[in-house]
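Here are some notes for reading the model shown below, set out as numbered points.

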Amino acid sequence: MAPTDESGQAAQQSSPFGTTPPTGPPADGGTTGPNGRMPRWLPRAMVLALALVAAFQLGSWAFHQVTGLLINILIAFFLALAIEPAVGWMASRGIRRGLAAFIVFIGVVVVSAGFVTLLGSILADQIIKMIEGFPEYLDSVIHWINTHFKTDLKRVDIQEGVLRSDWLRNYVQNSATGVLDVSAQVLGGLFQLLTIALFSFYFAADGPRLRRALCSVLPPARQAEVLRAWEIAVIKTGGYIYSRGLMALISGAAHFVLLQMLDVPYAPVLAVWVGLVSQFIPTIGTYLAGALPMLIAFTVDPWYALWVLIFVVVYQQFENYVLQPKLTSKTVDIHPAVAFGSVIAGTALLGAVGALIAIPAIATLQAFLGAYVKRYDVTDDPRVHGHRWRGEGPGLIARTRGLWARRPGAERPEDPKDPEGGGPGQDSA
């Protein structure tokens, strides 16, 4: 029988070299050999990992489900910030805050509904006129083709070919099946507008209560910072909306003068359309706004559409480089490149909503950071102003003269110290 130690285990046999290999201590954490039991912490770790994965999946699913609601709340919050100055002014005059918010919302709804109604009547009228005049346009095009290409086309043959074509039949079938989808989208859009209006009204009417509820869960030092950020957001968002409204008024007046001079029908409503769309839809709003006046001007005279296009392009440059910097210098003072980048980033994140709220959001963040970032006086260096050091070397004109003087066969300039015209390294006779 082999000798055993005090623990009852058999002693290891000696090695051929007469030494006994050392026995390692048991591993910590309860791990055992191949025939041992499972560690106690492993089932709990597996359950915890599965619970974390399930919680993450559930949270991701819930976030995707309420993304539309969160975007509507974000739009409503910025809209409430935009009307906050008007509501606050009315509340300071003794009007209850809820009534003041209701009056402002009613005014916005009435103006928007009137504008949409007038614009819809214009579009319907123009579409009817275009449909009625389409045979004349088609006859003129057919006559031009027959004259220049020696063909014998007829309007009746073209109409019959179009009516019997497969693509028209497929288009009618797809349109009939898509009526329900369009109706659902319209109802969904109305419900979304109602949701935004409701949340905006609550944010504007209960603004002080919302601020108190937010500050009640923060320490006093943080409360001042939150209130300061809120005030900056109100100032920047309201200033952005009001400056855009002023530019929309100027743009509408300028385009009204042009359309009235060209005798384009519905000039007042078209001017309002151009002013609002060009200012409140970033980047592409100008081109969308100018498309409708160009279309209606084309129905009067094709050359009028060209004049409208030229005026839109010229006025856009005037607005970008002259009008907009002066009107937004005190409200939304951000660099044009930063504004353009913020619009692109907002569009990539939230689509059209992000493009609309990107500029006031970036202006608020810039103003808030500017209040806490320490700034220093800039040194009086010519390079700060875009100039070079005078001692850095000869200027462009001096270098050009030197290259011209060193060309082959050129006479060397006279040294002012040498009366005989010798070079600086030559001895005079």
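1. Helix H8 has 42 residues and spans 62 Å from its first C-alpha to its last, close to the 62 Å expected at 1.5 Å a residue, where the expected span is 1.5 Å times one less than the number of residues. Helices are DSSP runs of H or I with at least four residues, numbered from the N terminus. After H8 comes aspartate 263, with a positive phi near 60 degrees.

2. The model is predicted, with local features requiring pLDDT of at least 70 and side-chain atom pairs counting only at pLDDT 80 or more, while totals for chains, interfaces and linings use all residues. Residues are numbered from 1 along each chain as its sequence is written, and side-chain values use heavy atoms, with hydrogens and water left out.

3. The average pLDDT (the predictor's confidence in each residue, from 0 to 100) is 75 for the protein, and 74% of the residues score at least 70. Confidence is highest in helix H1 (residues 41–65), at a mean of 91, and lowest in helix H5 (residues 166–177), at 66. Over residues 1–18 pLDDT stays under 50, and the model has 10 contacts beyond four places in sequence for them, a contact being heavy atoms within 4.5 Å.

4. Which residues lie nearest the centre of the largest pocket? They are Leu79, Val108, Ser112, Phe280 and Leu356, out of 45 that line this pocket. H8 supplies the largest share of the lining, nine residues. By class, the lining has 36 nonpolar, nine polar and no charged residues; Ala, Val, Leu, Ile, Met, Phe, Trp, Tyr, Cys and Pro count as nonpolar, Asp, Glu, Lys and Arg as charged, and the others, Gly among them, as polar. A pocket here is an open set of points on a 1 Å grid over the protein atoms alone, where a 1.4 Å probe fits, with protein on both sides within 12 Å along at least five of seven lines, and lining residues have an atom within 4 Å of a point.

Key:
Helix = DSSP H or I, 4+ residues; strand = E, 2+ residues; numbered from the N terminus.
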